[in-house]
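Q: Please take a close look at a single part of this model. I would like the packing described, with cut-offs.

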Amino acid sequence: MADLRVKKGSNKKHGSVSVTTIKSLPKELQVEIFAKVATRSIFDHCMIKLCCKEFLHAAEDDYVYRHASMENFALVPLPWFTGNKESSFLKRCRESGNSEILYREGMLQYFTSSRVELGLKNLKEAALEGHDDAKYVYCMLLMCGEDEGQRKQGFDLFCSLKESTSVIRCRKRVKSFVRSMWLKNKPNGKSSFCGSGTCDSERQKQLSKRWSSFEDKDGGISCQRCGADHELGFFCNMFGV
């Protein structure tokens with residue numbers, strides 16, 4: 001683990017460097033630093049808590065658990081393979097509003113159980129917290145629905161996601177997650193989102209027949225609504241729809 005010291009500045013008169021330890025920083029700054037650590041390594045987060053009481057107190061802040069990494073935990077945790085310490089850690093992350101936990105639980109609730117409404121609520125909350133994969137799933141589900149207001153909301157969210165990140169990366173991660181689940185519920189289907197008569201409908205028909213051949217392409221469609229239909233095709237195909 002990195003040396004927990006910060007160089008504050010040099011003393012030209014004596015040619016020395018004064019050093020400030022993280023322990024002497026205000027708790028608010030310690031929490032911010034430890035949250036960055038937890039984002040990258042749960043192991044280092046645990047080691048920090050063993051250093052001293054001050055570090056333990058700061059590292060136990062809800063803000064730290066809200067940003068903790070889930071990289072070392074299975075996408076779909078099996079209760080009989082999850083020890084007490086792991087369960088306690090995941091519970092604390094959940095209570096602190098960790099967006100990755102919200103996303104994973106939302107996926108399981110929506111697609112593998114009868115708690116569809118709760119799953120959609122958790123996916124929405126994770127999306128609002130800035131979780132890209134949750135944004136992808138949430139906007140796709142809204143666009144698959146029948147309510148025109150929600151479809152418009154999903155389309156706007158999809159457009160903002162395309163501007164801020166790679167939809168292809170989100171799609172691949174979500175596809176990997178879907179493969180790890182036993183599916184009970186599926187999206188409503190490939191409902192058309194573009195009703196414009198000016199688009200090349202024949203080209204879109206060809207695209208819809210060959211989704212897999214375009215899976216690594218994120219452009220080439222000038223109409224944003226046709227692009228949304230294109231992505232909905234990928235999303236529904238994940239579930240065999």
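A: What follows covers one helix, then a helix pair beside it.

This is a predicted model, in which local features need pLDDT of at least 70, side-chain atom pairs count only at pLDDT 80 or more, and totals for chains, interfaces and linings use all residues. Numbering starts from 1 along each chain as its sequence is written, and side-chain values use heavy atoms, with hydrogens and water left out.

Start with helix 8, residues 132-144. Helices here are DSSP runs (H or I, at least four residues), numbered from the N terminus. Helix 8 has 13 residues and spans 18 Å from first C-alpha to last, close to the 18 Å expected. The expected span is 1.5 Å times one less than the number of residues.

Helix 8 is largely enclosed by the rest of the structure, because 12 of its 13 residues are buried. Buried means under 20% relative accessible area, with a 1.4 Å probe and protein chains only. Among the buried residues are Asp-133, Lys-135, Tyr-138 and Met-143. The cover includes helix 6 (99-112), helix 7 (116-128), helix 9, helix 10 (167-179) and helix 12.

Two of those covering helices also pack on each other. Helix 9 (residues 148-164) and helix 12 (residues 224-238) have axes 11 Å apart, at an angle of about 95 degrees. Axes are lines fitted to C-alpha atoms over the stretch in contact, and angles run from 0 to 180 degrees between N-to-C directions. That makes the pair roughly perpendicular, a class covering 65 to 115 degrees. From helix 9, Lys-152, Phe-155, Phe-158 and Cys-159 meet Gln-224, Arg-225, Gly-227, Ala-228 and Glu-231 of helix 12. Contact means heavy atoms within 4.5 Å.

Note on methods
Helix = DSSP H or I, 4+ residues; strand = E, 2+ residues; numbered from the N terminus. Parallel < 35°, antiparallel > 145°, perpendicular 65-115°, else oblique. Buried < 20%, exposed > 50% of the residue type's maximum accessible area, 1.4 Å probe, protein only.
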